[in-house]
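Please look over the sequence and the model below before reading on. The paragraphs that follow begin with a single pair of residues and then move outward through the chain.

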Amino acid sequence: MPLEEHEQFLSYNGEVLVFHLSKPKHVEQTGEKTMGLFVRRMAFNRDTNLFVQKSSGVFNMSSSHLKTEIICCSCTTDSRTGIILPCILMKKKKRNNVVEYLLLLLHSSNQFEQSFHFKLDYELKEDIRLFAGPSVLWRHANKLFYISSDTCTVLSVPVQVSSVVWTGEIVDEGTVVLGIRTACLSESEDEDEFSTSDRAIWGTEFFAYAIETQKMLTGTSFMPHAYGRVVSSVYVCKNEMLKKRLRVSLVAITHKNQFIWFQDGVPKGVCELPYEKPCSVKTAVTSSSDLLFIVSFASGNVCVVQRKDSLQVASKWQEVRSVLVDDFVGSGSEQLLLLFKDDSNTEVLSTFKITDLGAVNYASGINYKHDVPAAEGLQENGLLTVQALEARLQAGYTSVRELQQHLRLKKRVILESCKALIDLVEERAHVLPAAKEVKCRRQYSLVSLWDDVENPPHSLSKETPLASKVPERFIEKLWQRVVGDSLVVGVQLTESYYLSLSDVSLSLVLERGFSSISPIIKCQNKIIKLNRAFSASSVSLCQIEPPPKKIKLDLHSKNDLKEEFKGCSRVQLDGTKTVTAVTSLSPLLAFHRVCCIVLLHAKKQKRWNDSLQESKKITVVCGKILLSLDDISNGKYSVKMLRDNSYCTGSMEDILAVLAASVRFSFQIVSSDCTVTPVNSWLLGEMECIPFKECHNNVFCHKVGNVYGTIFNWTMKNPFEGLLTLFCRNLTVLFQCLHSLIRVLPPSCDVKLLRSGSKSVLTERLALALEEEMLTLRNSFLKELKESKAVNSLTWGNEPSKKISDAPVASLLDSTEGLQQFRKKLQNEREEGVLSMNQTMTGALYQETALKIAAAQISSDMLVWRL
């Protein structure tokens, strides 16, 4: 027999290990014969498409035996370290029919380590398995034996076994042996039960034995007993414990040339194998996440089975010497290495093929007559699949191109809007692209929406938002503060213009010089009363709008800037003097030094016909603010809250900055048995709060810890009821404050969160809003009738109507002429009624009327939702 027939191949960490024994040779010093077990580590070179030797090692041993050979090799876990290492089982046959077996471990340094050895009076021939430990299991005389590195003693399994089909790890059970044995009647069964059992019918049964726990598992969890006579090998793909029940997914090959897939002991699919006498099955996970099953046959043939919609043979090969599974090309997934028989070439790994039945396909020295393709039907299905995938790829490429064009156009719109905003801030006229420019470059040019309108409504043309030329004293003061990681910018309005403004918001715009980013800074607006005795209810936060029952378009008050800045809309400024904008500070400090322009957007209102309000959008440049890391590090804009005797001496800007950067929560505290005076003691005592010198109703918490900087406002309506408002940084601080408060309140106290303000205040505001809605409807309809051509011929308002009943009806009905006159009057009244219900108006008048009515209805709907 040629020497190469004794070679054993094993894959390990993407390399191929080639083991072979050398010929015995004499040692001159001792005069004994020695033999070497050689190993070569071979790695695949993708440049040359060949396997090259990386390193080698040798294990020398005495050759005074009759015969030495390699029984098997496998990769198993070393129980000492938990590392998977190559294991080689050697046989040394001595005289007197004594056979010695040696188990070796191969380390990464190519050093061999003898794990253990044992002697038997017979040779191992049937169902030899290597598993974790390392351990060796075999079958002899229908009995199972095993030995491990921990015991170094041969142990037997108390099970009569016909064959072993699988050995591996099962969750919560350790190493389990799955085999087939002759069915036997247990002591707990009687003859009637046995005669009708599945085991009695087929005469065989599956058994599963856990070696570590030394207990039997239910064999039917793996597959029915009916397959015991035909199954030759099994591979367990997945096992898990769900609800204290073992769930197993496995595949099996049979002597009938079948490949069967079982799920929890139930067959789910079957496939006919192309060759006879299948002997083993293993798996590979490829780059496309497909699970391939590699079936080896006794004749040296190999086939691959795929499980997609159904089990089918994907490919097959003949005259295969060995098949290995590993990541040989370093792609991160597994491939098949097929080593073919080739008598013309004696070099190791000279005739091979590496494939994953997909993108990976390397071959060297192969006579392709041995590479048998799959069935013609499978090839046709593959061709149709490729064509379908190509069509989907082309459609996807077209969609990507359209999306890219849309994104480029969207980017141009945003940049053009930013340029228009900057020109507005710097009081320059912005030139919009002309409509005719689009005809030449339709995909890339931008068009003003007003270019397509020949006669815009008079009401809309008046309200084009431009930078208003207003007196210099419109802005009282511009300030900025740093609170934690937030930048607070405040604008104080003058008294003269304050009462005539609504929908006030601030926006921050970076100066030119940052072309790679958007110049618009995202911020949140809050409006706070700026008088010496402001209350906690003076802070107006952004409310979440209710789910709309109908869409109401408000072209007059729609502000694109406020959508970008997420500001508050339609906030009534009753008693409001300062507008603040809060934004994140850290993104601005990334530029080390920035300059921002502060814009104020508002509606300037005036009365019209003593009932309706006419508004005009204005945009005011409030000034510029400078930010730098040096100023922030030196605390130039930090909030300073100091103690001065029994007061907190923070300025109004500091107080407003803390309020703007905080989250507001209001709680109603009601006690039925005793007064709520402990709240004030709790604030001044445990919470170490000090009232502001500027406004005594608000107190600042100086307690060390997370609650420092929290502002409280406590107002008692009566001795048994009060309103507590907190301005805190986050919810964690809120929970800490409430936890401390509940401990001092009496058990009978009821603490209720107020989400939308006082019920009485909301009710009063709703009544006013409904009255305003009614006046808007009435005055709009009166204006419509005045401009109608038919208003002079109709009776409305206080004019008395001429009715048929004015004339005596009985006298008209006495004669034919009277009856005709009655019919004529009745017809006239019908025509007048129809005419009054079908009045016409111009488009501009209708648009103006609809906008005013929608604005009034939105205000009342919001209050109804909050109430």
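A good place to begin is Ala 210, which stands opposite Lys 215 in strand β17. The strand that β17 is joined to here is β16, covering residues 204-210, and the two run antiparallel with three bridges between them. It should be kept in mind throughout that this is a predicted model, and that what is described below was computed from it.

These two strands belong to an open sheet of four strands, arranged in the order β14-β15-β16-β17 with antiparallel pairing. At the edges of the sheet lie β14, residues 163-170, and β17, residues 215-217, each of which pairs on one side only. Neighbouring strands in this sheet are turned against each other by 30 degrees on average, when direction is ignored. As a general matter, the strands of a sheet pair through backbone hydrogen bonds, in either a parallel or an antiparallel way.

On the edge strand β14 sits Thr 167, and one may ask whether Thr 167 is buried or exposed. Thr 167 counts as buried because its relative accessible area is 17%, which is under the 20% that serves as the limit. Leaving out residues up to four places away in sequence, Thr 167 touches Arg 129, Phe 131, Thr 175, Val 176 and Val 177.

Further along the chain, strand β36, residues 524-528, has four of its five residues buried, and it is therefore largely enclosed by the rest of the structure. This strand pairs with β37, residues 578-584, in the antiparallel sense over five bridges, and within that pairing Lys 526 stands opposite Thr 580.

Strand β37 also leads to the interior of the model, since it is among the elements that each supply at least two residues of the largest nonpolar core, together with β32 (475-483), β33 (486-493), β34 (501-510), α8 (586-589), β38 (593-608) and β39 (612-628). That core has 29 residues, and the ones with the most contacts inside it include Ile 475, Leu 487, Val 491 and Leu 600. A second core, separate from it, has 24 residues, among them Ile 669, Val 679, Leu 745 and Cys 749.

Val 679 offers a closer view of this second core. The residue lies in helix α11, residues 678-684, and is classed as buried because its relative accessible area is 0%. Which residues is Val 679 in contact with, leaving aside its neighbours within four places in sequence? They are Ile 669, Trp 714, Leu 741 and Leu 745. In the case of Leu 745, 66 residues separate it from Val 679 along the chain, yet their C-alpha atoms are 7.3 Å apart.

Helix α16, residues 843-866, is another element worth following. Its 24 residues reach 35 Å from the first C-alpha to the last, close to the 34 Å expected at 1.5 Å a residue. The buried residues of α16 include Leu 845, Glu 848, Leu 851, Ala 854, Leu 863 and Arg 866.

Stepping back to the whole protein chain, one finds 16 helices and 47 strands, and of its 867 residues 43% count as buried. Among contacts with a separation of 6 or more, 55% are accounted for by residues 24 or more positions apart. The protein chain exposes about 48700 Å², of which carbon and sulfur atoms supply 51%.

How values were computed. Residues numbered from 1 in each chain as written. Predicted model: local features only at pLDDT ≥ 70, side-chain atom pairs only at ≥ 80, totals over all residues. Heavy atoms only, no water. Buried < 20%, exposed > 50% of the residue type's maximum accessible area, 1.4 Å probe, protein only. Contact = heavy atoms within 4.5 Å. Pairing = 2+ DSSP bridges. Axes fitted to C-alpha atoms, helices over the stretch in contact; angles between N-to-C directions. Core = buried A, V, L, I, M, F, W, Y, C linked by side-chain atoms within 4.5 Å. Areas by Shrake-Rupley, 256 points an atom, 1.4 Å probe, with all protein chains shown as cover. Expected span 1.5 Å × (residues − 1).
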